[in-house]
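Student: I am new to this structure. Can we go through it by asking how each label is earned?

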Amino acid sequence: MYTEFYGLTGEPFLLTPDHKFYFDSTVHSQAMAHLSYGLSRGEGFIVITGEVGAGKTTIVKHLLTTIDADKIAAAHVVTTLLAGSELLRMVAAAFGIKDIPADKASMLLRLQRFFETLYRDGRRALLVVDEAQNLSIEALEELRMLSNFQVGNAAPFQCFLIGQPQCRDVIAHAVLEQLRPRGIASYHLGP
């Protein structure tokens with residue numbers, strides 16, 4: 001009813017985030033700047049946190065529409081209540097890897113070869129994990145291990161962790177001491 005009255009071409013207040021309605025407010029612009037900085041660095045982890053409804057997923061979807069697919073192969077994972085090996089399977093599927101091996105060692109080798117092939121083709125892999133506050137310590141450790149892959153002196157894999165404020169508490173966990181130094185930028189998306 002109001003779409004006709006106001007002459008709108010789409011419904012603006014749906015529950016599902018729509019990147020077409022992205023508004024570059026001051027805080028959203030800062031979050032995008034952190035993500036863009038991370039992309040320019042091409043390695044490590046970027047952490048963006050914010051309360052429910054702050055626009056995190058909209059920012060992610062907006063970012064994914066701006067990425068040059070000839071340079072970056074991006075994958076977006078939103079299912080995060082998984083054990084470490086289950087998350088690896090989800091990551092492989094998100095990158096479009098077919099016939100994912102059942103055992104973890106073979107799965108890791110497949111991911112490593114995939115990242116190396118991308119890199120040799122002049123591209124790199126970007127994994128965006130939405131709802132990162134739900135990641136287990138084991139799953140975060142698996143992501144850290146993926147960041148160990150190298151081609152020469154370059155990292156073919158990069159990860160953005162997007163989540164609610166509790167995500168920072170999970171990352172601050174003492175067991176993840178080796179993950180924290182790989183974080184190259186962090187931003188909290190305020191109101």
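Student: How much space lies in the second largest pocket?

Tutor: About 190 Å³. Keep in mind that this is a predicted model.

Student: Which residues line the second largest pocket?

Tutor: The lining includes Pro17, Asp130, Glu131 and Gln164. Also in the lining are Glu51, Val52, Gly53, Ala54, Gly55, Lys56, Thr57 and Thr58. Each counts as lining because it has an atom within 4 Å of a point of the pocket.

Student: Which helix gives the largest share of that lining?

Tutor: Helix H3, residues 56-66, with 3 residues.

Student: How does the lining divide into nonpolar, polar and charged?

Tutor: It has 3 nonpolar, 5 polar and 4 charged residues. Gly counts as polar here, so Gly53 and Gly55 go into that group.

Student: What makes Glu131 partly exposed?

Tutor: Its relative accessible area is 29%. Buried means under 20% and exposed means over 50%. The value for Glu131 falls in between, so Glu131 is partly exposed. Glu131 is found in the loop between E3 and H6. Its phi is positive, about 65 degrees, although Glu131 is not a glycine.

Student: Why is Asp99 called exposed?

Tutor: Asp99 has a relative accessible area of 69%. The cut-off is over 50%, so Asp99 counts as exposed. Asp99 is in the loop between H4 and H5. Asp99 also has a positive phi, near 50 degrees, in a residue other than glycine.

Student: Why does Gly84 count as buried?

Tutor: Gly84 has 0% relative accessibility. Buried means under 20%, so Gly84 meets the cut-off. Its place is in helix H4.

Student: Which residues does Gly84 touch, leaving out those up to four places away in sequence?

Tutor: Glu138, Ala139 and Glu142. Touching means heavy atoms within 4.5 Å. Gly84 and Ala139 are 55 residues apart in sequence, yet 3.9 Å apart in space, C-alpha to C-alpha.

Student: How do you know that Met32 is buried?

Tutor: Met32 has a relative accessible area of 11%. That is under 20%, so Met32 is buried. Met32 lies in helix H2. Between the C-alpha atoms of Met32 and Ile59 there are 7.1 Å, and in sequence the two are 27 residues apart.

Student: Where is His34 found?

Tutor: In helix H2, residues 26-41.

Student: What makes the pair of His34 and Gln30 a polar contact?

Tutor: A polar atom of the His34 side chain lies 2.8 Å from the backbone oxygen of Gln30. The cut-off is within 3.5 Å, so the distance fits. Not counting residues up to four places away in sequence, His34 touches Ile46, Ile48, Ala185, Ser186 and Tyr187.

Student: Why is the reach of helix H5 called close to the expected one?

Tutor: H5, residues 104-120, has 17 residues. The expected span is 1.5 Å times one less than that number, so 24 Å is expected. H5 reaches 24 Å from its first C-alpha to its last.

Student: Which residues of H5 are buried?

Tutor: Met107, Leu111, Phe115, Glu116 and Leu118. In an α-helix, residues three or four places apart point the same way, because there are 3.6 residues a turn.

Student: What covers the buried residues of H5?

Tutor: The cover includes strands E2 (72-77), E3 (124-130) and E4 (157-163). It also includes helices H4 (84-94) and H6 (137-146).

Student: Which residue with a positive phi follows H5?

Tutor: Gly122, with phi near 85 degrees.

Definitions and conventions: Residues numbered from 1 in each chain as written. Predicted model: local features only at pLDDT ≥ 70, side-chain atom pairs only at ≥ 80, totals over all residues. Heavy atoms only, no water. 1 Å grid on protein atoms, 1.4 Å probe; cavity = no way out; pocket = protein on both sides within 12 Å on 5 of 7 lines; lining within 4 Å. Points joined across faces, edges and corners; volume = space filled by probe spheres on them. Helix = DSSP H or I, 4+ residues; strand = E, 2+ residues; numbered from the N terminus. Polar contact = N/O pair within 3.5 Å; in protein donor to acceptor, adjacent residues only side chain to side chain. Buried < 20%, exposed > 50% of the residue type's maximum accessible area, 1.4 Å probe, protein only.
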